[in-house]
Amino acid sequence: MTDEELIDRAMGSVDVAKGEATDEETAAAVAEIAAEGGDEDRSGDMALKINTYHGSFNRSRRAGGLGGIKYFVVHYTGGIGSAKNNCIFFATANRNSSADFFIDKDGSIWEYNNILDGYYTWHCGDGRGKYGISNGNSVSVEVVSGGEAFTAAQVRALADLYAHVCSVLGRKL
């Protein structure tokens, strides 16, 4: 699958650049790509490289452990700061917002919060779960974008990260 086909497939009717997609639609498109495996040149058996810059701000203890995670939520940053710089930003003070992972334009993945440590980040509204999705029952990913379409590398990283999180949890989200 070419980069253009991959982006078209992921975005389909989901126009992230225009903000017309729900996070659920974006995650569903990425999950579909992950399930189909993409082209033959993908990393396959290689371990997913995840850079880390952990912080203790902007997260809370997850009640119910990993079993409570039901959703994979995708947002975009709305700015051009790198994934690592986003981790640093959230690690330095209370921002009343954060994410578990950030994905750079080149597809590199940065982890702010290790879900295995028993914490969740603050990323979807007030956390009361009005639509069934809350901070506590989801894993969040912020893709570095000022509103433009995600790069092919970002879409691939999203698909790979989704597969990785499902593997860690032992089930699909």
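Below are a few exercises on this predicted model, each with a worked solution.

Ground rules before you start: residues are numbered from 1 along each chain as its sequence is written. Because the model is predicted, local features need pLDDT of at least 70 and side-chain atom pairs pLDDT 80 or more, while totals for chains, interfaces and linings use all residues, and side-chain values use heavy atoms, with hydrogens and water left out.

**Exercise 1. Work out the strand order of the open sheet and find which strands stand at its edges.**

Step 1: Get the elements. Helices (H or I, at least four residues) and strands (E, at least two) are DSSP runs, numbered from the N terminus.

Step 2: Read off the pairing, where two strands pair if DSSP finds at least two bridges between them. The 5 strands come in the order 1-5-4-7-3, with mixed pairing.

Step 3: Look at the ends. Strand 1 (50–52) and strand 3 (71–76) each have a single partner strand, so one side of each is left without a neighbour in the sheet. From one strand to the next, the twist averages 30°.

**Exercise 2. Describe strand 7 (residues 138–143): its partners and its burial.**

Step 1: Take strand 3. Its pairing with strand 7 is parallel and spans 6 bridges, and Tyr-76 sits opposite Val-143.

Step 2: Take strand 4. This one also runs parallel to strand 7, joined by 3 bridges, with Phe-101 opposite Val-141.

Step 3: Check burial (buried is under 20% relative accessible area, exposed over 50%, partly exposed in between; 1.4 Å probe, protein chains only). In strand 7, 6 of 6 residues are buried. Ser-138, Ser-140 and Glu-142 point one way, and Val-139, Val-141 and Val-143 the other.

**Exercise 3. Find the helices that pack on the sheet, then look into the largest nonpolar core.**

Step 1: Place the helices, using contact (heavy atoms within 4.5 Å) and axes (lines fitted to C-alpha atoms, for helices over the stretch in contact, with angles from 0 to 180 degrees between N-to-C directions). Helix 3 (83–91) lies across strand 4 and strand 5 (109–111), at about 150° to strand 4. Helix 4 (residues 152–169) touches strands 1, 3, 4, 5 and 7, and its direction makes about 155° with that of strand 4.

Step 2: Build the core, meaning a set of buried Ala, Val, Leu, Ile, Met, Phe, Trp, Tyr and Cys residues joined through side-chain atoms within 4.5 Å. The largest one has 19 residues, and Phe-72, Val-141, Leu-158 and Leu-161 have the most contacts inside it. Helix 4 supplies the largest share, 8 residues.

Step 3: Zoom in on Leu-161. Beyond its neighbours within four places in sequence, its contacts include Ile-50, Phe-72, Phe-101 and Val-141.

**Exercise 4. Decide whether Asp-100 is buried or exposed, and look for a salt bridge.**

Step 1: Locate Asp-100: the loop between helix 3 and strand 4 (101–103).

Step 2: Apply the criterion, a side-chain nitrogen of Lys or Arg within 4 Å of a carboxyl oxygen of Asp or Glu. Lys and Arg count as positive, Asp and Glu as negative; His and the chain ends are not counted. Asp-100 is buried but has no salt bridge, and Arg-62, the nearest side chain of opposite charge, is 4.9 Å away.

Step 3: List some of the company. Trp-110, Tyr-112, Ser-138 and Ser-140 are among the residues in contact with Asp-100.

**Exercise 5. Compare the surroundings of Asn-58 and Asn-96.**

Step 1: Asn-58 has a positive phi of about 60°, and Asn-96 has a positive phi of about 60° too.

Step 2: Asn-58, at 2% relative accessibility, is buried, whereas Asn-96, at 58%, is exposed.
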